[in-house]
Amino acid sequence: MSDTNASRDSGAQNPPHDVAVLGGGSFGTAMTKVLGENGHRVHFWMRDQAQADEIRKTGINSRYMPGVKLEGDIEPTTDLADAVSKAEVVFVAIPSKAFRAVIREHSNDFRDGQIVVSLTKGIEEHGFKLMSEILQEEIPRCQIGVLSGPNLAAEIAARDLTATVIAAKDPDVRRTVQDLLGCEYFRVYANVDVYGVELAGALKNIYAIVAGLASALDMGENAKAMLITRGLAEMSRFAVSLGANPMTFMGLAGVGDLIVTCTSSKSRNFRIGYAVGKGQNLDDAVKELGQVAEGIYTLKLVKERSEAIGIYMPLVRGLYEILYGNASIKAVINSLMMAVQNSDVEFILPRTISQ
Ligand SMILES: NC(=O)c1ccc[n+]([C@@H]2O[C@H](COP(=O)([O-])OP(=O)(O)OC[C@H]3O[C@@H](n4cnc5c(N)ncnc54)[C@H](O)[C@@H]3O)[C@@H](O)[C@H]2O)c1
Ligand SMILES: O=P(O)(O)OC[C@H](O)CO
């Protein structure tokens, strides 16, 4: 599908490139739209032939982004090897549960030095691996990056002002992705803390579910602020203990993404929490959503991991008890509010400040 009228009026300065986007869901579609509008030729891979045919014919991915027209030089395809072979840079928006399998099956199709950027905000079940670690293991000869931030797909597709973060060790990767994606409504910041940026994107989904629950129960604005702030403290404590930079959690990929997913019903994780808060059972809520809510899987993994390494995460534990342990929401709230362990200490202050 090619549209000669599609322009780079959105502000990108660099010449057009061939890029691939893997994953035909909401976020793959949103990123394809940005890249197409920036004038790049986008090889947009999805597994469903009918969906690829629809996009080729109408420019619309009606299952995941109804009413949104993809403009520009977009090539929908179900041939992943072909998409990857033509691309200078590959963006991967495949849910974490399927991420490794797809990359492994096609690992020989990637080239030495090819830039591969994960857009996925999840953790692999076995071994607590992040997506960039999977890329490193499966296609070690590629240059790897991670994109994360407060990035609701529907708002990006509507060209609402948005900022994101590209994290990569290599400055060329960071600059290339900034050039490809940046435009008048999409601003791309850079960070070297790949692990922190990526882990923040996965962790915030847990607190979005908590915030959805709180919203369903009409808990009020004070409670919302408490949950977001204590969620930030909890996720930073966990991530820093695993090697992330604490400053990352003060940025877009940390507190920024936490705010947007904890305050918007456009977040699928928030919607799962809301549905459960209104009395729906988790499986039914997931079925009704019909899209991925990574937080329900991340929650289990983070609970196990935090207990294994001795990091105090009361919100994670409480949500786990509600979603997987049949605890009543009221009982969990009560135990969280009355907990004594650590709860009266907001920060462990540096000695110079506390004295
Ligand atoms: N939607 C957003 O606002 C948003 C924003 C930033 C990051 N993300 C992240 O992007 C990732 C993808 O999310 P999404 O919003 O596109 O999900 P989605 O539920 O909208 O779509 C998921 C897509 O993955 C495809 N898929 C599932 N299993 C597959 C497999 N085995 N092989 C190939 N394709 C498969 C589905 O067919 C579908 O096209 C998630 O990790 C999510 O956290 C989403
Ligand atoms: O819809 P969610 O909950 O998967 O959140 C989407 C993005 O991660 C928001 O930045």
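## Two domains, two ligands and the annotated sites

Setting aside residues within four places of it in sequence, A153 makes contacts with S26, F27, T29 and A30. This description concerns a predicted model, and the contact set of A153 is a useful way into it. A153 is located in helix α6, which covers residues 153-157, and it counts as buried because 23 other C-beta atoms lie within 10 Å of its own, where 20 or more are needed. A153 is also one of the residues that come nearest to ligand 1, in a group completed by G25, S26, A98 and Q291.

### Annotated positions

Two UniProt annotations, both from an unreviewed entry, bear the name "binding site". One of them covers S26, F27, R47, Y64, K121, A153, R268, V292 and E294. The other is placed by UniProt at G23, G24, G25, S26, F27, G28, A153 and R268.

Among the positions of the second annotation, G23 sits in the loop that joins β1 (18-22) to α1. G23 is buried, having 26 other C-beta atoms within 10 Å, and, with residues up to four places away in sequence left out, it touches G28, M46, V92, A93 and I94.

Two positions of the first annotation share a loop: V292 lies between α12 (282-289) and α13 (295-309), and E294 likewise falls in the loop between α12 and α13. V292 is buried, with 24 C-beta neighbours inside 10 Å, and its contacts beyond four places in sequence are P95 and R268. E294 is also buried, with 22 other C-beta atoms within 10 Å, and on the same sequence criterion it touches P95, S96, K121, G122, A202 and N205. The table collects the burial values of these annotated residues.

| Residue | Other C-beta atoms within 10 Å |
|---|---|
| G23 | 26 |
| V292 | 24 |
| A153 | 23 |
| E294 | 22 |

### Domains and their contact

The domain assignment divides the chain into domain 1 (18-192) and domain 2 (203-342). The C-alpha centres of domain 1 and domain 2 are 26 Å apart, and the contact between them takes 20 residues from domain 1 and 19 residues from domain 2. On the side of domain 1 that touches domain 2, the elements giving two or more residues are α4, β7 (162-167) and β8 (186-191), with β7 providing the largest share, three residues. By class, that side of domain 1 comprises nine nonpolar, eight polar and three charged residues.

### Surroundings of the two ligands

Where does ligand 1 lie with respect to domain 1 and domain 2? Ligand 1 lies between them, because domain 1 and domain 2 both give residues to its shell. There are 25 residues around ligand 1, and the elements that give two or more residues to this shell are α1 (26-37) and α4 (96-105). By class, the shell around ligand 1 consists of 12 nonpolar, 10 polar and three charged residues.

The surroundings of ligand 2 are made up of K121, P150, N151, L152, N205, A208, D257, V260, T261, S267, R268 and N269. The elements that give two or more residues to this shell are α8, α10 and α11 (268-277), and the largest share, three residues, comes from α10. By class, four residues of the ligand 2 shell are nonpolar, five are polar and three are charged. Each of domain 1 and domain 2 supplies at least three residues to the shell around ligand 2. K121 and R268, which belong to this shell, are also among the positions covered by the first of the UniProt annotations.

### Helix α9

Helix α9 (residues 221-241) contains 21 residues, and the distance from its first C-alpha to its last is 30 Å, close to the 30 Å expected at 1.5 Å a residue. Its buried residues are L227, I228, G231, L232, E234, M235, S236, F238 and A239, and these pack against α8 (194-216), α10 (252-263), α13 and α14 (314-324). Two of the helices in that list, α8 and α10, are also elements that give two or more residues to the shell around ligand 2. Just after α9, G243 adopts a positive phi of about 115 degrees.

Technical notes
Residues are numbered from 1 along each chain as its sequence is written. Chains are lettered from A and ligands numbered from 1 in the order in which they are written. This is a predicted model: local features need pLDDT of at least 70, side-chain atom pairs count only at pLDDT 80 or more; totals for chains, interfaces and linings use all residues. UniProt positions are given in the numbering used here, feature names are shortened, and annotations may be inferred rather than shown by experiment. Helices (H or I, at least four residues) and strands (E, at least two) are DSSP runs, numbered from the N terminus. A residue is buried if 20 or more other C-beta atoms lie within 10 Å of its own, exposed if 12 or fewer, and partly exposed in between; C-beta atoms are placed from the backbone. Two residues are in contact if their C-beta atoms, placed from the backbone, lie within 7 Å. The expected span of a helix is 1.5 Å times one less than its number of residues. A residue is near a molecule or strand if its C-beta atom, placed from the backbone, lies within 6 Å of it. Ala, Val, Leu, Ile, Met, Phe, Trp, Tyr, Cys and Pro count as nonpolar, Asp, Glu, Lys and Arg as charged, and the others, Gly among them, as polar. Domain bounds come from an automatic or database domain assignment.
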